[in-house]
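Hi,

Here is the structure I promised to pass on. Have a look at it first, and then read my notes underneath.

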Amino acid sequence: MIVRNSIVELKETKLWNYLNEIDKIYADYSIVFVEQITPLLKSIQDFFPYYTRHDAHHGYRVLRRMDQILSKECLKKDNKLSLTNIEAFLLICSSYAHDLGMTVFPNEKDILINQLEINDEHWKSNVTLQKHLRKYHSQRGGSYIDQNYEKLNIPKNLISPLDLLMTAHNLSINELEVKLGKRVAGGEKELDLKQLACILCIADSLEFSETRIVDGVLDTLKDKIKNHEESEAITSYKENLKHVCIGDSVAIGKDGKIIISGTFDDPEVLNLAHKTIDFIESWVRDYIDIDLKSSLRRLIVRGDSIERNLVILGSDFERLGIRIKKDHIINLISSNSTWSNDTGIVIKELLQNSVEACRYRKFNSIAAADYKPHIDIKYNKSQHAIIISDNGCGMSRSTILNNFLTVGNSRSMDPTYKTSSYSSLARFGIGFWSTFTIANSVSIQTAPFEYMNVQLNSEKIDGLTFEVSINEFKDYTLFKKTSLSPGTTITLLLKKEIGVDDLLMRLNNSIVCSEIPINISNGEEEYSIPTNISLPSLADLTGAKRKLALEHNVKEFIFEKQYDSLTFKLKLLYTMSNGAATFKLSNNISVMHMLNRYGYSEVFSICGFKTAIRLYSLIFDFGRIGLFVANTNNPEGFVFNLNRHSLISSDAYTNLINILTEAVNEAYRYFLKTTNSTDKKTVYILNQQSRSNGGNTYGNYSKFRLWQLYNKVPDLLIFKLTKISKGLNLLDADIRYESFDELRNYRFQLWSCTVHIFNAQIRLNPEENTNFIYAVIEQITMEQESYFLEPNLEIDLLFDNDPYSFVHIISVETVTKIPIKLPLLRINSHSLQPFVNHKWFICEIRGVWTGTILEKEILGANFVFIGQHKLIVKPNTNISIEIKNLHSKGQIMKLCDLVKLLNDASDGFTDDSVLKFM
């Protein structure tokens, strides 16, 4: 087909001739409109040179498709289905103008160049400009018409309806029903904009033809592919070629079936065509549903599958790559193995869906609607059923089929649902199937709130009722039409062995608050989920030990702060001693022993639903002395694991950890200030006390923890130094407390031992300990002023961040004459740096031995274990070379086995295979 003058083509269409017959004025208006925008549409090619046509000829082809999909009665005068003059005019204008915003309008060049900060010389081909035009072309087209309606011959009262029709092809079905569902008048008659939009969208989606290809584009793309100039050239080439292969072979059968034929050479292009038709099938089905609900049904096309006859020459193309056994997949995702045997997760999943439905409806409701969301969870004892009902957005038939009953297809993944400045709490599209871990069958009643805009009775609207059973997977769904209030009610007929009390208690443990009112009834009592997070009381935290806590005057420190959508609350338990805070009771017991809910230290929730997180970059262990509770009502960017127990790494997760870490640090600083505990000695003691009773471990690789702490809390990074002098008992030595920056300004030798020489780990009494320390000191060469550091987290931070730190193995006898080899760590204070990466790091491994391997100088051995999870190897030794070799080959299990044998050898059990490394 030859591309001709746009007005000649317009006058060939049945729709224009019908309009000319019933209203010549509006027919002339449409001619002026097409004449005016034709050059603008033609210029789209300047900015998208490899796209298919979006010019006036494309608009003409869309109009021809309308001629085919509309009932013939629509284009005849004076019958029930007849299009009005306004409707025909709007369809013509929207056919041509729906892509109008993809061009740059007159006098707009300089504005866009400055706004987008793009290069003036090659501005037309700028990728940033293309993305901007694609993203905003719907709004841009409507704005241009609004500003130029007089010269375009658009009556002012029709600007808004035309703008809505132009945006329709970029809207999801739900958005289309909301935005175009308002009642609109035109020419003294009511306009069904939703139906007109469906006519336009179906016609646009079926617009295949070889004339969609702009002359010369295929040859240009072939050259680019041949010369490897642009990676996107292949994609553009295939997109264009599918129109060539299908051409004009798209027809509407007498029975309303859409029939598409085509001949292909390239299987990739054929597969792309099939995928495109898959999308078209889904769109058409949804658009037909809207037409079916209209007072007048004007479309003759059917909403079931498209008949396709796409063949590839000389080959047998089977459109099936991976077969999925539906019953097995649903059994898998609805099994306890997926949901961790936690029955409470099931109700949590459904409750999250209800919260999401209410959030979505609230976001899309105007203030005047006075929408008051609510959710009810009730137990029906006679039926042994749990009923969850909400007055949220509800579901249309298309949403049920395409999302709710389609495994793995969440409505939240719809691009328009995600990008309309709304963040969804939903994710995977499989949460509903968890219900079958506790129920055999589920009954659903639902009605979409969007229908309230078009149905006169706003109390009850057209809804659907259907059932899903795990006992029988059916290839059909039986819908019963029901008059319902907007929202969804799900009834779970529970299995006999499921206890309701346990079910609801588990649910309560998974939700801490909700901005949507949630009422729960277990059949005997009713209660509500709090609307905001709260901290547990002292009684809740201490439980049966509350009396002991009061006797020791245990105090509560509370800190609260709002960070945008994040609410943060923290509580610490402490006592006062000598005018400063302490985490020890008068009998030297840690306040940790007062905590009844130990392990419940980090409570974070998204829209009230708890998910596990872990903070690492802290100098004190707040989990042993208190807890924090935090909630965000903005789920944007968070990615959950399959059963929503925890979050997967993402930019939003990283930002969250940073905010929470800063909040905990800010709270700790404020605690120190308000308790007169800001001096260095007290800060150090409090840090150690918070990590007592098993938390003050050492011998672990600190990674970049020092760098994080130094950048976030340098004032809390305090070190205790005990001065070493020949012949002087360390117990009588001078002690000083220094910050990291102060420490780096000195030229100190810092020493530490991998066992506590100050406590009972060596099992020596004080007198024996003194003699032992003397024996250690006598073997130390003190080149500068020297200090001992207690083996704790702080010594790991320093040893891992000194390029010149090393291990000195010395032999010492205990008082019982038992010889031991004692690894001493030496650190140079002036060479310390808060590194992000350590060049002496070799690898981290996990297996029969789990830990980190570093390469550092060792005096007196080829390797040494520091604690349980850190191995130091001497550079350029057989063991260093062997470890690097195994790691480079990816032989991790073999490497773990080797390190385990080395660890055994350190304990005196040497295997012959590691003798060469000793």
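Below is what turned up, going from the whole protein to one helix and then one pocket.

Keep in mind that this is a predicted model. The protein has 918 residues, and 53% of them count as buried. I get 30 helices and 32 strands. If you take the contacts with a separation of 6 or more, 70% are between residues 24 or more positions apart. As for the outside, the accessible surface is about 42800 Å², with 48% of that belonging to carbon and sulfur atoms.

One helix to look at is H17, which runs over residues 344–363. From first C-alpha to last, H17 reaches 28 Å, close to the 28 Å expected for its 20 residues at 1.5 Å a residue. Is H17 largely enclosed or not, and why? Buried here means under 20% relative accessible area. By that cut-off 17 of the 20 residues of H17 are buried, so the helix is largely enclosed by the rest of the structure.

Then there's the second largest pocket, with about 1400 Å³ of space in it. Its lining takes in 42 residues, and those nearest the centre are Arg614, Leu615, Tyr616, Ser617 and Arg705. Sorted by class, the lining has 17 polar, 14 nonpolar and eleven charged residues. Which helices and strands each supply at least two residues of that lining? On the helix side they are H23 (651–674), H25 (705–712) and H28 (793–800); the strands are S28 (841–845) and S29 (851–855).

Cheers

Notes
Residues are numbered from 1 along each chain as its sequence is written. This is a predicted model: local features need pLDDT of at least 70, side-chain atom pairs count only at pLDDT 80 or more; totals for chains, interfaces and linings use all residues. Side-chain values use heavy atoms; hydrogens and water are left out. On a 1 Å grid over the protein atoms alone, a cavity is a set of points where a 1.4 Å probe fits but cannot get out, and a pocket is an open set with protein on both sides within 12 Å along at least five of seven lines; lining residues have an atom within 4 Å of a point. Grid points are joined across faces, edges and corners, and a volume is the space filled by probe spheres set on the points. Helices (H or I, at least four residues) and strands (E, at least two) are DSSP runs, numbered from the N terminus. Ala, Val, Leu, Ile, Met, Phe, Trp, Tyr, Cys and Pro count as nonpolar, Asp, Glu, Lys and Arg as charged, and the others, Gly among them, as polar. The expected span of a helix is 1.5 Å times one less than its number of residues. Buried means under 20% relative accessible area, exposed over 50%, partly exposed in between (1.4 Å probe, protein chains only). Contact means heavy atoms within 4.5 Å. Accessible areas come from the Shrake-Rupley method with a 1.4 Å probe; for residues, only the protein chains shown count as cover.
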